[in-house]
Structure formats: C-alpha cells, structure tokens
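Reader: I have a protein model open on my screen and would like to learn how to read it. Could you take me through it step by step?

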Amino acid sequence: MRLGVIADTHGLLRPEVFPAFEGVDHILHAGDIGSLELLSELETLAPVTAVYGNTDDSDVRSRIPRVASLELEGFDIVLTHGDQFGSPTPEKLNSAFPEAQILVFGHTHRPLLTLVDVVVTVMNPGGAGARRFGLAPSVGILELEPGIPPRGRVLSLLDQSS
C-alpha cells in the first residue's frame, strides 16, 4: 500500500502534489488544511484521512478530529498536527501515543523521517503550502507491506515561482 502524506497546506494545494501522489492508495493530511474543499480535491486521487491543525477554522474543526487512529496493512497509525505538544518531536509523539507503529505529524513545516524506540516510524512531510521559514514545499510517501518495516521518503515540490 502506498500512502501520500501531506501537511500544512494552509489552503494552497499545489499542482505538483497531483503527480507526486499519482497511484497512492490513501492520503494522510496532518492538519492546517485551510479548507474542506482542499480535502475534496485530494479525494479525487485517493481516500483521505485528515486532522485539523492550529490554524484551521471552526468549520474544519467541526468535521475533522484533532487526532486520528487508523490501521492500514496491519500497521497502527496515529495522525496528528502536533501543535498540542508545542514543538512536536518524535519522542513526545511516541510518549503520547505508545500504541502507534507509525506516527505522522505536521506543524513544524520541517520534513522528517526517522525511527524512534527502534521500531516506530515517524514522518513529518514538511509544509506543502506557501513557503515558510525558507523551506521548500514538500510531501511524503510511505510504503506499507505487512511484515516489512515501512519505507518512506520526502519529496520536494520544486515550484521555483513561489
């Protein structure tokens, strides 16, 4: 199973996301979505599981949870924006959600793919919306196969015009 991982779109769904997510089976959006319409656009590619972030308005918050837990390909996944931890880190997330085998978060706009506690995969796809903090926009891909550790990578969305 191939997952598209995205966060911090802040209402901007870059056209580069569509080829990056071509062929994904499911999309995880780790908050600061910007609008429910953006999720509808992503749903043209694959089913979407999303959580709200600290900048999402009451309309988004009333329809989407702060934290989502799901099981895909035998992996227990927790999806959160991470703002509830101030500055989220893999260790803080692992401590808060010890049952998860995969932790996905946003908020920092900084791409991250690491292991914590030897077996827990943690990913932050970076910010996919407008450039912030001098960082290029990015998304992530996670590949899941039962019995094999998750494989992942962060993809830069190279739009030099913004």
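**The sheet and its strands**

Author: Happily! Three bridges join strand 2, residues 26–29, to strand 3, and these two strands run parallel. Keep in mind that this is a predicted model.

Reader: In what order do the five strands of the open sheet lie?

Author: Strands of a sheet pair through backbone hydrogen bonds, either parallel or antiparallel. Here the pairing is mixed, and the sheet is an open one. Its five strands come in the order 3-2-1-9-10.

Reader: Which strands are the edge strands?

Author: Look for strands that pair on one side only. The order 3-2-1-9-10 helps you here. The edge strands are strand 3 and strand 10, the latter covering residues 148–156.

Reader: By how many degrees are neighbouring strands of this sheet turned against each other on average?

Author: For this value, direction is ignored. The average turn between neighbouring strands of the sheet is 20 degrees.

Reader: Which residue of strand 3 is the bridge partner of His29?

Author: Start from His29, which lies in strand 2. Strand 2 is joined to strand 3 by three bridges. The partner of His29 there is Ala50.

Reader: Is His29 buried or exposed?

Author: His29 is in contact with residues distant in sequence, including Ile6, Leu39, Leu42 and Leu79, leaving aside its neighbours within four places. Buried means under 20% relative accessible area. The relative accessible area of His29 is 0%, so His29 is buried.

**Cores and a glycine**

Reader: Which element gives the largest share of the largest nonpolar core?

Author: This core has 22 residues, and those with the most contacts inside it include Ile6, Val17, Phe21 and Val139. The elements giving two or more residues to it are helix 1 (17–20), helix 2 (36–42), strand 3 (48–50) and strand 9 (138–145). The largest share, four residues, comes from helix 2.

Reader: Which residues is Val17 in contact with, leaving aside its neighbours within four places in sequence?

Author: Val17 is one of the residues with the most contacts inside the largest core. Beyond its sequence neighbours, Val17 is in contact with Ile6, Leu42, Val139 and Leu157.

Reader: How far apart in space are Gly140 and Met123?

Author: Gly140 lies in strand 9, and its relative accessible area of 0% makes it buried. Met123 is among its contacts, as are Phe21 and Val154. Gly140 and Met123 are 17 residues apart in sequence, while their C-alpha to C-alpha distance is 7.9 Å.

Key
Residues numbered from 1 in each chain as written. Predicted model: local features only at pLDDT ≥ 70, side-chain atom pairs only at ≥ 80, totals over all residues. Heavy atoms only, no water. Core = buried A, V, L, I, M, F, W, Y, C linked by side-chain atoms within 4.5 Å. Buried < 20%, exposed > 50% of the residue type's maximum accessible area, 1.4 Å probe, protein only. Contact = heavy atoms within 4.5 Å. Pairing = 2+ DSSP bridges. Axes fitted to C-alpha atoms, helices over the stretch in contact; angles between N-to-C directions.
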